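Got a minute to walk through a fold together? Here's the sequence with its 3D structure, and then some questions and answers about what's in there.

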Amino acid sequence: MALLTIDNAELAFGLHPLLDRANLTVQDGERIGLIGRNGSGKSSLLNIIAGRGALDDGAIRRQDGLRVVMVEQEPLLPHAGSLHASLTARGGLEDMHDERERWRADARLFEYLHRFGLDESRPPQTTSGGERKRAALALALAMQPDLLLLDEPTNHLDIAGITLLEDLLLKGQVRSAIIITHDRAFLDRVSTRIVELDRGLLRSYPGNFSAYEARKADQLAEEEKASRRFDKFWAQEEVWIRQGIKARRTRNEGRVRRLEALRVERAARRERIGNVKLALDAGERSGKLVAELTGVSKSFDGKPLIRDLDLRILRGDRIGLIGANGAGKSTLIRIILGELAPDAGEVRLGTKQEIAYFDQLRDQLDPEKTLVETISPGSEWVETADGRKHVMSYLSDFLFPPQRAQARVGMLSGGERNRLLLARLFAKPANVLVLDEPTNDLDIESLELLEDTLQGYRGTLLLVSHDRAFLDNVVTQTLVAGGGGHWKEYVGGYSDWLQQRPAEESAALPAAPAPAKPAVRKVAAKKLGFREQRELEQLPGELEALEKEQAELALRMSSPEYHRQGPAQLKADRERAAVIETQLAQKFERWAELDQRAEQAAG
């Protein structure tokens, strides 16, 4: 059953249309991964589906009563005294006419806030980007949308948050979803179909991202062959038209009209966006020892981030740092580089180090400077691993055309700022490269090219990333925060760590995809046992009692004087409400299962 259909959609900003007679149908139960280059129009398309924008032409048809909820790249939370109050306003829960549904949505909101590890009483103004993202996701899931729209949901989330979101999507918490993300592991685990927005068209590929990559490679090869055939035929016709008087006497008008049509078609053909050209110069070799930490400890506000750490980093090591948000990854990087002194222990730094540091906050970029001033202040030339280049040519390697060279940094998108910072870092030799969340806002093509470049890098690499596929493809060892300030080193990338980690860490990060559970399990027709028959007979009464308690609790919580009960009672009631909601769902499922088996056995 189609939830939404887009027919012959047109949308244009600037020189090229973002949507050029594009078509899309979203079926019930689908989880669509929407991919495409930065600036191709993915977010604009999501906003239109959410009803926040309009097409220039074409039609969009939604199923009657379709409930659509969207979580943006950078969710904005209304100012309020608490996170709960802010989300209630953002989601319009207070405007719900059905009091029972409003109460249930509020109970689900508390449940999901707890799952994402958030304190509902905390003011939203004091939250980090990752906390705001988790809060917006909690609200979206609590609203139980028919179609959930997620724009880069993994940005600002740590690996535990990403895998939790994956689990919730796989376990049927949402009917259908369209997800924009560059996280290939996320797409592989969650998506049932990949839709690529490419030069104004929406192309569909069944299956996950790995299946898409295999099909896409074949398609691009065929497209390149077709373009070469077209260009060869067009060139032959252009030679023919210029053959001189003899040819003009004998040429037929039909062939001339065909050539004119070829010229129009060639002019209208949109080439694929080029790839970033990356070259990284490791420069002069550093000393064999890059850094040695002995018994290092560091705390902030009484919280230990690093405790008794012994670590030796040698030239050529490629280390990935893994840990939850706030675990101290950036702090540890600064200690390794000698920028921050430890509270205890000793740090010995190596010699001949040329360090390039990619900061996830992009603090190195001045929003008032132009692109040229950022890359090559006071000079028109840049010394690169491939030799000396004019700054305009160097910027074009990072997909910045000459007409944008004098644009201010503050006018760039998140993905463009990432590319500019990479251009700035790679413009000088570096034998120690530090990348703190470099994959945020990069499209998949640029991300894969960065991987290839790093794989050939001869210097020392320190990488902080929550992108599991990127870690697997780039690093040779991982340093993992285990809680309480303890860090442990493992051989290999993220997947290797999953195999080696202690049992106590396994609960935090699931290693394998969990299949989605259907609402009612299909079981063989087997006669109910005595206990099961008795359970089936008792379930209606238990459900009735739970629903009665739920109604009484909702009535009490909605009374004008309820807020005077005190914080402890309010919290207890909220927790009981969440338990009732869970028990009702479980008992209804069990009742349906036993009833189905009883009917099958009787039939």
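**A loop leucine and its surroundings**

Leu118 lies in the loop between helix 3 (99–115) and helix 4 (129–142). Keep in mind that this is a predicted model.

Q: Is Leu118 buried or exposed, and what is its relative accessible area?
A: Sitting in a loop doesn't settle the matter, so go by the cut-off: buried means under 20% relative accessible area. Leu118 falls under that cut-off and therefore counts as buried, with a value of 11%.

Q: Which residues does Leu118 touch, leaving out those up to four places away in sequence?
A: Contact here means heavy atoms within 4.5 Å. By that criterion, and with the sequence neighbours set aside, the partners of Leu118 are Leu83, Leu113, Glu131, Arg134 and Ala135.

Q: How far apart in space are Leu118 and His84, C-alpha to C-alpha?
A: In sequence, 34 residues separate Leu118 and His84. In space, going C-alpha to C-alpha, the distance between them is 10.0 Å.

**Cores**

Q: Which residues have the most contacts inside the largest nonpolar core?
A: That core has 44 residues. Its largest share, 6 residues, comes from helix 13. A second, separate core has 34 residues, including Leu118 and Leu150. Back in the largest core, the residues with the most contacts are Leu395 and Leu420.

Q: Which residues does Leu395 touch, not counting those up to four places away in sequence?
A: Leu395 is one of the two residues named for the most contacts inside the largest core. With the sequence neighbours left out, Leu395 touches Leu371, Val372, Ile375, Phe400, Ala405 and Leu420.

**Strand 6 and its partners**

Q: How many residues of strand 6 are buried?
A: Take the two faces of strand 6 in turn: Leu147, Leu149 and Asp151 are buried on one side, and Leu148 and Leu150 are buried on the other. So both faces are covered, given that buried means under 20% relative accessible area. For strand 6 (residues 147–151), the tally is 5 of 5.

Q: Which residue of strand 7 does Leu148 stand opposite?
A: Strand 6 pairs in the parallel sense with strand 5 (residues 68–71) over 4 bridges, and there the bridge partner of Val69 is Leu148. Strand 6 is also joined by 5 bridges to strand 7 (residues 176–180), again running parallel. In strand 7, the residue opposite Leu148 is Ala177.

Q: What handedness does the β-α-β unit of strand 6, helix 5 and strand 7 have?
A: The path starts at strand 6, goes over helix 5 (residues 159–170) and ends at strand 7. The two strands of this unit run parallel. The unit is right-handed.

**Two open sheets**

Q: Which strands stand at the edges of the sheet with the order 14-17-18-12-19-20?
A: This open sheet has 6 strands and mixed pairing. An edge strand has a single partner strand, so one of its sides is left without a neighbour in the sheet. The strands in that position are strand 14 (355–358) and strand 20 (486–491).

Q: Which residue of strand 19 does Ile319 stand opposite?
A: Strand 12 (residues 318–322) and strand 19 (residues 477–483) pair in the parallel sense over 4 bridges. Opposite Ile319, strand 19 has Gln477.

Q: At about what angle to strand 1 does helix 1 run?
A: Start with the open antiparallel sheet of 3 strands, in the order 2-1-4. Strand 1 (residues 2–12) pairs with strand 2 over 8 bridges, with Ile6 opposite Leu24. Helix 1 (residues 42–49) lies across strand 1, strand 2 and strand 4, and its angle to strand 1 is about 130°.

**A buried asparagine**

Q: Which residue's backbone nitrogen lies 2.7 Å from a polar atom of the side chain of Asn431?
A: Asn431 is in the loop between helix 13 (414–426) and strand 17 (432–436), and is buried with a relative accessible area of 3%. Residues that Asn431 touches include Lys352, Gln353, Glu354 and Tyr457. The backbone nitrogen at 2.7 Å belongs to Glu354.

Methods
Residues numbered from 1 in each chain as written. Predicted model: local features only at pLDDT ≥ 70, side-chain atom pairs only at ≥ 80, totals over all residues. Heavy atoms only, no water. Buried < 20%, exposed > 50% of the residue type's maximum accessible area, 1.4 Å probe, protein only. Polar contact = N/O pair within 3.5 Å; in protein donor to acceptor, adjacent residues only side chain to side chain. Pairing = 2+ DSSP bridges. Right-handed = clockwise from strand over helix to strand, strands pointing away. Core = buried A, V, L, I, M, F, W, Y, C linked by side-chain atoms within 4.5 Å. Axes fitted to C-alpha atoms, helices over the stretch in contact; angles between N-to-C directions.
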